[in-house]
Amino acid sequence: MRFDFELRLPRLNPHHDSSARHPAPGLIFDTHLEHFDRDVIEASHTLPIMVDFWADWCPPCKALTPVLERVIAHHAGRIHMAKVEVDEGANMKLAGRYGLRGFPTVLLFVKGEIVGRFSSAKPEHWVREFIAEHTDIE
């Protein structure tokens with residue numbers, strides 16, 4: 001008996017692959033210390049930017065990622081999300097700048113200011129309510 005088959009791997013959408021590097025920010029994008037002010041602070045004057053501070057070694061971070069991705073997709077471009085890998089480069093300085101004590105921590109920026117924050121993994125309905133409470137997005 002002979003089987004002929006072709007192995008096909010799914011193509012990854014770079015907006016949902018947290019390890020992908022993007023030349024220009026999209027709905028979900030990676031940022032780091034050097035571009036944080038441009039990618040987050042300045043961009044939040046146009047629309048809200050949620051920032052996910054995470055680490056590869058952190059199980060709650062990995063649990064929160066798909067929740068945040070679904071919420072961002074649900075809002076269809078009315079809010080964007082920056083991801084900051086705290087152990088990459090000088091990114092821990094950002095965690096220090098904002099007084100983060102654990103990961104994951106999510107900060108919500110509107111018009112250059114932090115309007116809300118939460119730590120730890122949360123369910124999708126909780127994150128949607130968090131956004132609605134701090135923005136005009138429902």
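Start by selecting Ser 120, which counts as partly exposed at 37% relative accessibility. You'll find Ser 120 in the loop between S5 and H4. Check its backbone while you're there: phi is positive, about 85 degrees, although Ser 120 is not a glycine. Keep in mind throughout that you're looking at a predicted model.

Now hop to the loop between S4 and S5 and pick Lys 111. Here is another positive phi in a residue other than glycine, this time near 50 degrees. Is Lys 111 buried or exposed? With a relative accessible area of 56%, Lys 111 is exposed, because the cut-off for that word is over 50%.

One more backbone stop before the sheet. Select Phe 103 and Pro 104 together and look at the peptide bond joining them: it is cis, with omega about 0 degrees. Pro 104 sits in the loop between helix H3 (92-97) and S4.

**The sheet**

Next, show the strands alone. In what order do the five strands of the open sheet lie? Reading across, you get S1-S3-S2-S4-S5, and the pairing is mixed. At the edges are strand S1 (28-30) and strand S5 (113-119), each of which pairs on one side only. Look at how the strands are turned: between neighbours in this sheet the angle averages 20 degrees, direction ignored.

Colour S2 (residues 49-54) and S3 (residues 80-85) next. These two strands run parallel and are joined by six bridges. To trace the register, begin at Ile 49, whose bridge partner in S3 is His 80. Then take Met 50, which has Met 81 as its bridge partner in S3.

On to S1 and S3. This pair is also linked in the parallel sense, over three bridges. Pick Phe 29 and look for its bridge partner in S3, which is Ala 82.

**Along S3**

Stay on S3 and turn on the side chains. How many of the six residues of S3 are buried? Six of the six are, leaving the strand mostly covered. His 80, Ala 82 and Val 84 point one way from the strand, while Met 81, Lys 83 and Glu 85 point the other way. Both sets are buried, the charged-looking names included.Zoom in on Glu 85, which belongs to strand S3. Its relative accessible area is 13%, so Glu 85 falls under the 20% cut-off and is buried. What is Glu 85 in contact with, leaving aside its neighbours within four places in sequence? Show Trp 54, Ala 55, Asp 56 and Asn 91, and you have the set.

**The helices on the sheet**

Bring back helix H2 (residues 59-74). H2 packs on the sheet and touches S1, S2, S3, strand S4 (105-110) and S5. Compare its direction with that of S2: the two make about 165 degrees. Then add helix H4 (residues 124-134), which lies across S2, S4 and S5. H4 runs at about 160 degrees to S5.

With H2 and H4 both on screen, look at where they meet. Their axes come within 9 Å and cross at roughly 50 degrees. H2 and H4 are therefore oblique to each other. The crossing is right-handed. To see the contact itself, select Val 67, Leu 68, Arg 70, Val 71 and His 74 on H2, then Glu 124, Val 127, Arg 128 and Ile 131 on H4. Colour these residues by type and you should get five nonpolar, one polar and three charged.

**Last stop**

Finish at Thr 46, in the loop between helix H1 (36-42) and S2. At 68% relative accessibility, Thr 46 counts as exposed. Draw a distance from its C-alpha atom to that of Arg 78: the two are 32 residues apart along the chain and separated by 9.8 Å.

Terms used:
Residues numbered from 1 in each chain as written. Predicted model: local features only at pLDDT ≥ 70, side-chain atom pairs only at ≥ 80, totals over all residues. Heavy atoms only, no water. Pairing = 2+ DSSP bridges. Helix = DSSP H or I, 4+ residues; strand = E, 2+ residues; numbered from the N terminus. Axes fitted to C-alpha atoms, helices over the stretch in contact; angles between N-to-C directions. Contact = heavy atoms within 4.5 Å. Buried < 20%, exposed > 50% of the residue type's maximum accessible area, 1.4 Å probe, protein only. Parallel < 35°, antiparallel > 145°, perpendicular 65-115°, else oblique. Left-handed = near helix turned anticlockwise from the far one by under 90°. Nonpolar A, V, L, I, M, F, W, Y, C, P; charged D, E, K, R; others polar.
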